[in-house]
Amino acid sequence: MSAPFPSFVSAGEALTDMLRTGSDQWSSQVGGSTWNVARVMARLGVPSAFAGAVSLDVFGDALAAATEVAGLDMRFLQRRAKSPLLAIVHELHPPTYYFIGDDSADLHFDAAQLPAGWMQGAQWVHFGGISLAREPLAGKLVALARELKAAGVKISYDPNFRIMMDERYDATLRRMTELADVIKVSDEDLAGLFRHDDIDGAFAVLRGWNPHATYLYTRGAQGAALYRGEQAWRAAPPVIEVVDSVGAGDASIGGLLYSLMYRPEADGGQHLRFAVAAGAGACLAAGGAPPSVQLVESLLERTILG
């Protein structure tokens, strides 16, 4: 008898960050926002999977090994005899990067090859990142999100703006916003996605496309807010000594989804506090290390609504 299917799946990209650490020195690091959200959920104890494709070479091997170490369901990881997807981070402060991935493995993900019956086990499926800006993968993922929505599976969406999300991404932004039950967005995302400085106006447009969704709106050191219908809650992050903020956004959406799944009695303010505490927890270690439930709960008391 096969193992039960995971209740949480994140679909999109896993990639390798190539970090320039000297004039001619580089180091590699596994990553990708959707892959990282899956890792966050697994660390919080949620049966989880990453649905995506990686290469068969040394970069794909590293991603597959990290996927297995994270405890993700390996039946959802596809391997392709194609080139790897690389993020070339040639400046670290501030991060400046571009992507290499023409006809790379991630683009050859095939939802039809996922295990039969997996949708019946899924409660939430998460989408976002550059995978929704790279064809033909983007079209496949939007179609998958539509199919899941029709099947009654809840949809989470974090656009996570990158420079490639120009006007060609506008239709996808609206389609995914209309499909999603939960949307995470930051002020930086809104400025990039809408290509102007009227952040409040951009957020109003986004909410207008789907007034029934729950919105997690993050604003860096100013904290975050949760919007649900006519209600809104705001929270400031706990005072911590930040080691590395990489992965904080992925941890915050993961924390919110965990809270929605396992704390149904909580109100919007309590869900927001958990999300903000999870984001802070990811900042306490280098390399975007996902926080445990125990660490998040230890930060909750210092995460104040206001």
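Which residue in β3 is the bridge partner of Leu 19? In this predicted model, the answer is Ser 27. Leu 19 makes a handy place to start the tour, so to speak, with the strands around it coming next.

Strand β3 covers residues 25-31, and it runs antiparallel to β2, with seven bridges joining the two. Just two residues sit between β2 and β3, and the pair forms a hairpin. β2 also has a partner in β6 (residues 86-92), but here the pairing is parallel and counts four bridges. If you want a spot to click on for that second pairing, try Thr 16, which stands opposite Leu 86 of β6. As for solvent, β2 is mostly covered, with six of its eight residues buried.

Now for the empty space. Rolling a probe the size of a water molecule over the atoms shows where such space is left. How many cavities of 30 Å³ or more does a search of the whole structure find? It turns up one, and the largest cavity holds about 50 Å³ of space. Its lining brings back some names from the strand tour: Leu 15 and Thr 16 are in it, and so are Ala 53, Val 54 and Ser 55, among others. Further along the chain, the lining includes Ser 83, Pro 84 and Leu 85, as well as Ala 105 and Asp 106. β2 (15-22) and β4 (48-55) each put in at least two residues, and β4 gives the most, with three. Sorted by class, the lining of this cavity has eight nonpolar residues, three polar ones and one charged one.

Next, have a look at the second largest pocket, with a volume of about 270 Å³. It is lined by 15 residues, and those closest to its centre are Ala 133, Arg 134, Glu 135, Met 164 and Arg 168. The class split here is eight nonpolar, two polar and five charged.

Glu 135 is worth a second look for its backbone too. The peptide bond from Glu 135 to Pro 136 is cis, with omega near 10 degrees. Pro 136 belongs to the loop between β8 (124-128) and α4 (137-150).

Two other loop residues have backbone angles you may want to check. Asn 160, in the loop between β9 (154-158) and α5, has a positive phi of about 50 degrees although it is not a glycine. Arg 195 is not a glycine either, and its phi is positive at about 60 degrees; you'll find Arg 195 in the loop between α6 (187-194) and α7 (199-209). Are these two buried or partly exposed? Asn 160 has a relative accessible area of 17%, so it is buried. Arg 195, at 43% relative accessibility, counts as partly exposed.

Last stop: helix α5, residues 170-179. Its buried residues are Thr 172, Leu 173, Met 176, Thr 177 and Leu 179. Why do they line one face of the helix? Looking down the axis of α5, the buried residues fall within an arc of 165 degrees, so they line one face. The general rule behind such patterns is that an α-helix has 3.6 residues a turn, so residues three or four places apart point the same way.

Methods: Residues are numbered from 1 along each chain as its sequence is written. This is a predicted model: local features need pLDDT of at least 70, side-chain atom pairs count only at pLDDT 80 or more; totals for chains, interfaces and linings use all residues. Side-chain values use heavy atoms; hydrogens and water are left out. On a 1 Å grid over the protein atoms alone, a cavity is a set of points where a 1.4 Å probe fits but cannot get out, and a pocket is an open set with protein on both sides within 12 Å along at least five of seven lines; lining residues have an atom within 4 Å of a point. Grid points are joined across faces, edges and corners, and a volume is the space filled by probe spheres set on the points. Ala, Val, Leu, Ile, Met, Phe, Trp, Tyr, Cys and Pro count as nonpolar, Asp, Glu, Lys and Arg as charged, and the others, Gly among them, as polar. Buried means under 20% relative accessible area, exposed over 50%, partly exposed in between (1.4 Å probe, protein chains only). Two strands pair if DSSP finds at least two bridges between them. The arc is that of the directions from the helix axis to the C-beta atoms.
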